Amino acid sequence: MHSRFIPPLVLAHLQYWCLPEDATMRDLILAVRADEACHSHVNHTLKNLGPDDPNPFVMGKSQAP
């Protein structure tokens with residue numbers, strides 16, 4: 001059995017995106033892309049709101065793509 005050293009920065013990425021320790025770089029990239037797609041949706045939606053418009057992302061009121 002081989003022990004596998006996981007650098008702290010990589011371990012932090014795995015934990016942040018809830019990936020297993022045997023995740024591949026592809027798994028990480030897909031997780032990051034999905035996360036960024038969500039941010040993009042939120043940012044574009046908020047950009048189009050007027051100053052008095054309600055926040056459509058109030059907990060339980062909206063679902064990100």
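## His13 and its helix

His13 has a relative accessibility of 28%. Buried means under 20% and exposed means over 50%, so His13 counts as partly exposed. This is a predicted model.

Where does His13 lie? His13 is part of helix 1, which covers residues 8-16. Val10 also has its place in helix 1. The relative accessible area of Val10 is 40%, so Val10 is partly exposed.

## Two distances to Leu28

Leu28 appears in two distances, one to each of these helix 1 residues. Along the chain, His13 and Leu28 are 15 residues apart. In space, 7.8 Å separates their C-alpha atoms.

Now take Val10. Val10 and Leu28 are 18 residues apart along the chain. Their C-alpha atoms are separated by 9.7 Å.

## An aromatic pair

How many aromatic pairs does the count come to? The count is 1 aromatic pair. The rings belong to Tyr16 and Trp17, and their centres are 4.7 Å apart. The ring planes stand at 80°. An angle over 60 degrees counts as edge-to-face, so that is the label for this pair. Two values do the describing here: a pair of aromatic rings is described by the distance of the centres and the angle of the planes.

Are the two residues buried or exposed? Tyr16 has 55% relative accessibility, so Tyr16 counts as exposed. Trp17 has 22% relative accessibility, so Trp17 counts as partly exposed. The cut-off for buried is under 20%, and Trp17 at 22% does not meet that rule.

## Cys18 in the loop

Cys18 lies in the loop between helix 1 and helix 2. Helix 2 covers residues 25-47. What is the phi of Cys18? The value is positive, at about 55°, although Cys18 is not a glycine.

Cys18 has a relative accessibility of 67%. The cut-off for exposed is over 50%, so Cys18 counts as exposed.

## The chain as a whole

Step back to the full chain. The chain has 2 helices and 0 strands. Of its 65 residues, 9% count as buried.

The accessible surface comes to about 5,800 Å². Carbon and sulfur atoms account for 60% of that surface.

Contacts can also be sorted by separation along the chain. Take the contacts with a separation of 6 or more. Residues 24 or more positions apart make up 7% of them.

Technical notes
Residues numbered from 1 in each chain as written. Predicted model: local features only at pLDDT ≥ 70, side-chain atom pairs only at ≥ 80, totals over all residues. Heavy atoms only, no water. Helix = DSSP H or I, 4+ residues; strand = E, 2+ residues; numbered from the N terminus. Buried < 20%, exposed > 50% of the residue type's maximum accessible area, 1.4 Å probe, protein only. Contact = heavy atoms within 4.5 Å. Areas by Shrake-Rupley, 256 points an atom, 1.4 Å probe, with all protein chains shown as cover. Phe/Tyr/Trp six-rings, centres within 6.5 Å; stacked < 30°, edge-to-face > 60°.
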